[in-house]
Amino acid sequence: MHLVPAREQRVDDVRADEARASGHDRPHGPYGTAVVFVTFEGLDGSGKTTQAELLVESLRAEGRDVVATREPGGTRLGEQVRGILLDGFEMSAWAEAALFAAARAELVHRVITPALDEGKDVVCDRYIDSSLAYQGIARDLGVDLVLELNLHATRGLLPDQTFLVLVDPDVALGRSAPFDRIEREGAEFHRAVDKAYRALADMFPDRITAVDGAQPARAIAEEVRGRLRDLS
Ligand code: TYD
């Protein structure tokens, strides 16, 4: 494990399976535990947003300072890009990947990095793994290339821990309305994204924890909080 702060790493130094290597030299929260950068991933309708909200609630209840954000969006530019990506017209797969990466670059620069530098925890609803699953695998652009693009965009900033909320893709599809441009891709695409996420969890076992989204929301939240405690 190298101890170069994540933001000073070169893309070639970064391994996407590695919890953010700069953990030892990061600021500390009110309870003496290192600040955390946590992301939630899953299909539309998986319940990941609820889990992100419950984690924020639980960290705040412990007195921690938490910044909650989401992708695509979270900044003025990001919200505009979100509109183009989700409400707009058809576009090529690389244009889509590049727009998601642009929104992410802005979010890292303006929101996530400043918050971590101030000693705040950051909980983000979707991040790099969404691009790896949707654009890298389901759209077939290639995980390595999409990862490389995103490591440039984020200056190599990876989450300490990513929770992947797994549900039956057909159940998730039934829950996610109204449809945005990507959700309108239909059942086959959803199943491809589900498989993609499961493949990512196998590729990056240290960073990604899969949780069973069929459990009651509070039970999943307990599991998430427990896993973070184990890691700290
Ligand atoms: P999101 O707002 O999270 O939708 P929901 O709240 O319904 O889960 O994400 C919008 C869509 O964008 C979603 O279908 C996933 C897709 N997406 C990508 O394809 N790549 C990305 O990098 C991101 C962040 C999202």
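## A tour from helix α8 to the ligand

Begin by selecting helix α8 and colouring Arg218, Ala219, Gly226, Arg229 and Asp230, which are exposed on one side of this helix. Keep in mind while looking that the model is a predicted one.

Now widen the selection to the whole of α8, residues 217-231, whose 15 residues reach 21 Å from the first C-alpha to the last, close to the 21 Å expected at 1.5 Å a residue. Turn to the side away from the exposed residues and pick out Ile220, Val224 and Leu228, which are buried. If you look down the axis of α8, its buried residues fall within an arc of 75°, so they line one face of the helix. An α-helix has 3.6 residues a turn, so residues three or four places apart point the same way.

What should be selected next to see what covers the buried residues of α8? The cover includes β1 (37-42), α1 (48-61), β4 (161-166) and β5 (208-212), and the strands among these are the next stops.

Select β4, where six of the six residues are buried, so that the strand is largely enclosed by the rest of the structure. With side chains displayed, Gln161, Phe163 and Val165 point one way from β4, while Thr162, Leu164 and Leu166 point the other way. Adding β5 shows a partner that pairs with β4 in the parallel sense over five bridges, and here phenylalanine 163 stands opposite threonine 209 of β5.

Add β1 next, which also pairs with β4 in the parallel sense over five bridges. Two places to label along this pairing are threonine 39, opposite threonine 162 in β4, and glycine 42, opposite valine 165 in β4. Six of the six residues of β1 are buried, so this strand too is largely enclosed by the rest of the structure. Both faces of β1 are covered, with Phe37, Thr39 and Glu41 on one side and Val38, Phe40 and Gly42 on the other.

From β1, continue to strand β3 (residues 121-125), with which β1 pairs in the parallel sense over four bridges; in this pairing phenylalanine 40 stands opposite aspartate 125 of β3.

Finish at the ligand by selecting the 15 residues around it, of which Phe100, Ser130, Ser131, Tyr134 and Ile182 come nearest. Which helix gives the most to this shell? Helix α4 (residues 128-138) does, with four residues. Colouring the shell by residue class divides it into five nonpolar, five polar and five charged residues.

Note on methods
Residues are numbered from 1 along each chain as its sequence is written. This is a predicted model: local features need pLDDT of at least 70, side-chain atom pairs count only at pLDDT 80 or more; totals for chains, interfaces and linings use all residues. A residue is near a molecule or strand if its C-beta atom, placed from the backbone, lies within 6 Å of it. Ala, Val, Leu, Ile, Met, Phe, Trp, Tyr, Cys and Pro count as nonpolar, Asp, Glu, Lys and Arg as charged, and the others, Gly among them, as polar. The expected span of a helix is 1.5 Å times one less than its number of residues. A residue is buried if 20 or more other C-beta atoms lie within 10 Å of its own, exposed if 12 or fewer, and partly exposed in between; C-beta atoms are placed from the backbone. The arc is that of the directions from the helix axis to the C-beta atoms. Two residues are in contact if their C-beta atoms, placed from the backbone, lie within 7 Å. Two strands pair if DSSP finds at least two bridges between them.
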